[in-house]
Amino acid sequence: MVTEVVIQVRALCNQFGSNVVHKDLDLDVRRGEILGVVGGSGTGKSVLLRSIVGLLRPAAGEVNVFGENLLTLSTDKRSALERRIGVLFQQGALFSSLTVLENIALPLIEHAGLSRNQASEIANVKLALAGLPAEAGALFPSDLSGGMVKRAALARALALDPDILFLDEPTAGLDPIGAAAFDQLLMTLRDAFNLTVFLVTHDLDTLYTACDRVAVLSQKKVLIVDSLDVVAADPDSWIQSYFHGPRGRAAASVASALET
Amino acid sequence: MTSPLLLQSAPQSPSTASTDEAVWPKLCLLGDWTLVNYQELCRRAQKPSETPRSLDASGLLNLDTAGATLLVKLLGAEALATLIPDATGLTDERRALLQAVADSMLDREPAPPSTYRWGDGLERLGLWVHSGWSQFTQFLGFTGLTLVTLIGLLPRPWRWRWTALVAQMQQAGLNAVPIVALLNFLVGAVVAFLGATVLTQFGATIYTVDLVAYAFMRELGVLLAAILLAGRTASAFTAQIGSMKVNEELDALKVQGLSPIELLVVPRLLALLITLPLLTFVAILSGIAGGAMVAVLSLDISLARFMGIVQQVPLIHFWLGLSKAPVFAVLIALIGCLEGFKVGGSAESVGERTTSSVVQCIFVVILIDAVAALFFMEMGW
């Protein structure tokens, strides 16, 4: 089966001062998959995400999204390409001076040229898709709980029907029930919108339930990208302790119990 | 051009007629149902006159959530959800999309719109008055709290925070000297020109010197220094403490058993208490220097004569002006810090509070100055 590659990272190098984060990192993300990116703290998972969406100019190497290099495109083309990308930031990054509904409606008004009423109608649907009640739309981000912030941020990331969704630790700080519901929501949305999802996470349960492939970031590059079973069987010591430590075993046993 | 939403109530030609009667009326989706065409769709698609019993999407070119939203709006989530499973011409992806949107909108009451009622204006006035009053009581409470903390600190010199105090003094005092000096110098020159213009008509140009000296010693020196400090330092206090509040740093202090008042407010208050009188002194000197420049350069009054007249001004005027500086310092520091503590959870709130803090400080400074002027005059000082 030939699958289209939507994100192509080649020989990426990132460094801050003398601290080298990535060295000759290669990664492909295929259309329609949920790719989980794992790695220890400080291995540059979020940096990789920021390099791909064009927030960070890499020291060397190339990042292509839909075959285009974001950093060399003209402003108009870049803006058009960025509309096909949705990002959920670690802290949500909702605009604190706008209500939740206005947060979601903003890209619709700005990019699609809709009137306020039309944008609100669509924003309401996104709110519902993200699993938030209608009353939450009138609230300000400071009034939301942690789980609601994540859902609202997801609704905003989905506002323009993106092709690729970047999630930076979406289930961090959620209770296990909320996290499991978020995983389900993610899979429903992926099936409905044919989304490609780039998921940075520490949550082993998310990896077992939602991800098609897992990329392990270690030693300044992507150590291995493959299905979870193959990755978990890799002899690398970090991978072994990650997937077969106490938490890894628990998540794996739950996942296998669910399958049988 | 045909409507993107077509309701066929009966078979178009008998030969193609379905044998199944339950299909009619049939709803046909045509064209692009996407965000790009949303406005066009809104204009052209009409709510169907009858409830359709089947859906034909074979004419559908593109579909996204915006299109699905419009379908939900036109048909209702429930009707759409019942149509989707038997719809013809839908790819699996689009069926899943429509299903997801329809399912999420099922049993969903729209949030009630906020409407204007009679009396809302009155309610707002009431809220406004109430918030003004509570602001005043809050200020009194905050002043008391700070005083108690300060008095509690007095017998414990090992808990005095010299580093914070000196840092604040540099920020609020030393760094403000150039701007305070320059501004007062310019205003001093302006007052001298103004005095000369009026007083020449009486042949009393020499009294320009008295005008500048009295004005800056009694009023303008301290007033201008305080207003500059209100704009420069009160806003900084509010923004600093406000962003700490947004970041939950204040809560972190509290749970560690540290008092934000002792750590943040007291050093700032003491710093202003020390630096504002000093800045006032700089302001008075600069203002008189500005006046002297105008007197020497354009009024033909020699510098020695100018200084001679200034020396004859009774010293009480200088002390009267300077006596207001500590009062202003306390007010500016307390208002600036209190507004910082009032910041809510958002970036916008930091901005609101900073504005409010500067406005309040300048208002209070001018108000107190006017009251003091009246009082001093009545006392014959």
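This is a guided tour of the predicted model, stop by stop, with what to select at each one.

First, some housekeeping. Residues are numbered from 1 along each chain as its sequence is written, while chains are lettered from A and ligands numbered from 1 in the order in which they are written. Because the model is predicted, local features need pLDDT of at least 70 and side-chain atom pairs count only at pLDDT 80 or more, with totals for chains, interfaces and linings using all residues; side-chain values use heavy atoms, leaving out hydrogens and water.

**Stop 1: chain A as a whole**

Select chain A and switch to cartoon. You have 10 helices and 9 strands to look at (DSSP runs numbered from the N terminus: H or I with at least four residues for helices, E with at least two for strands). Of the 260 residues in chain A, 52% count as buried (buried is under 20% relative accessible area, exposed over 50%, partly exposed in between, with a 1.4 Å probe and protein chains only). Chain A exposes about 11400 Å², and carbon and sulfur atoms supply 52% of that (Shrake-Rupley, 1.4 Å probe; for residues, only the protein chains shown count as cover). Among contacts in chain A with a separation of 6 or more, 64% come from residues 24 or more positions apart (contact means heavy atoms within 4.5 Å).

**Stop 2: the three-stranded sheet**

Select strands 1, 2 and 4 of chain A. They form an open antiparallel sheet in the order 2-1-4 (two strands pair if DSSP finds at least two bridges between them). Strand 2 and strand 4 (60-65) are at the edges with a single partner strand each, so one side of each has no neighbour in the sheet. The twist averages 15 degrees from one strand to the next (axes are lines fitted to C-alpha atoms, for helices over the stretch in contact, and angles run from 0 to 180 degrees between N-to-C directions).

Zoom in on strand 1 (residues 5-16) of chain A: 8 bridges join it to strand 2 in antiparallel fashion. Which residue in strand 2 is the bridge partner of Gln15(A)? Pick Val20(A). Now add helix 1 (residues 45-52) of chain A, which lies across strands 1, 2 and 4 and runs at about 120 degrees to strand 1.

**Stop 3: the six-stranded sheet**

Still in chain A, show the open sheet whose 6 strands come in the order 5-6-7-3-8-9, with mixed pairing. Strand 5 (85-88) and strand 9 (221-226) are the edge strands; each has a single partner, so one side of each is left without a neighbour in the sheet. Here the twist averages 15 degrees from one strand to the next.

For a parallel pair, try strand 6 (residues 164-168) and strand 7 (residues 196-200) of chain A, paired over 5 bridges. Asp168(A) stands opposite Val200(A) in strand 7. Then bring up helix 9 of chain A: it lies across strand 3 (34-39), strand 8 (213-218) and strand 9, at about 125 degrees to strand 8.

**Stop 4: Asp234(A)**

Go to the loop between helix 8 (228-232) and helix 9 (237-244) of chain A and click Asp234(A). Beyond its neighbours within four places in sequence, Asp234(A) is in contact with Ile224(A), Ile239(A) and Gln240(A). How far away is the nearest side chain of opposite charge? Lys221(A) is 11 Å away, and Asp234(A) is buried with no salt bridge (Lys and Arg count as positive, Asp and Glu as negative; His and chain ends are not counted).

**Stop 5: salt bridges**

The whole structure has 17 salt bridges over all chains (a side-chain nitrogen of Lys or Arg within 4 Å of a carboxyl oxygen of Asp or Glu). Start with Arg213(A) and Glu33(A), which meet at 2.8 Å, N to O. Arg213(A) is in strand 8 and Glu33(A) in the loop between strand 2 (19-30) and strand 3 of chain A, so the pair ties together parts 180 residues apart in sequence. Both residues are buried.

Hop to chain B for Arg161(B) and Glu262(B), a salt bridge at 3.0 Å, N to O. Arg161(B) sits in the loop between helix 5 (120-153) and helix 6 (162-172), and Glu262(B) in helix 10 (residues 260-298), 101 residues apart. Arg161(B) is partly exposed at 33% relative accessibility, whereas Glu262(B) is buried at 6%.

Last selection: Glu339(B) and Arg353(B), bridged with closest N and O atoms 2.8 Å apart. Glu339(B) lies in helix 12 (residues 315-341) and Arg353(B) in helix 13 (residues 347-378) of chain B. Glu339(B) is buried at 1% relative accessibility; Arg353(B) is partly exposed at 22%.
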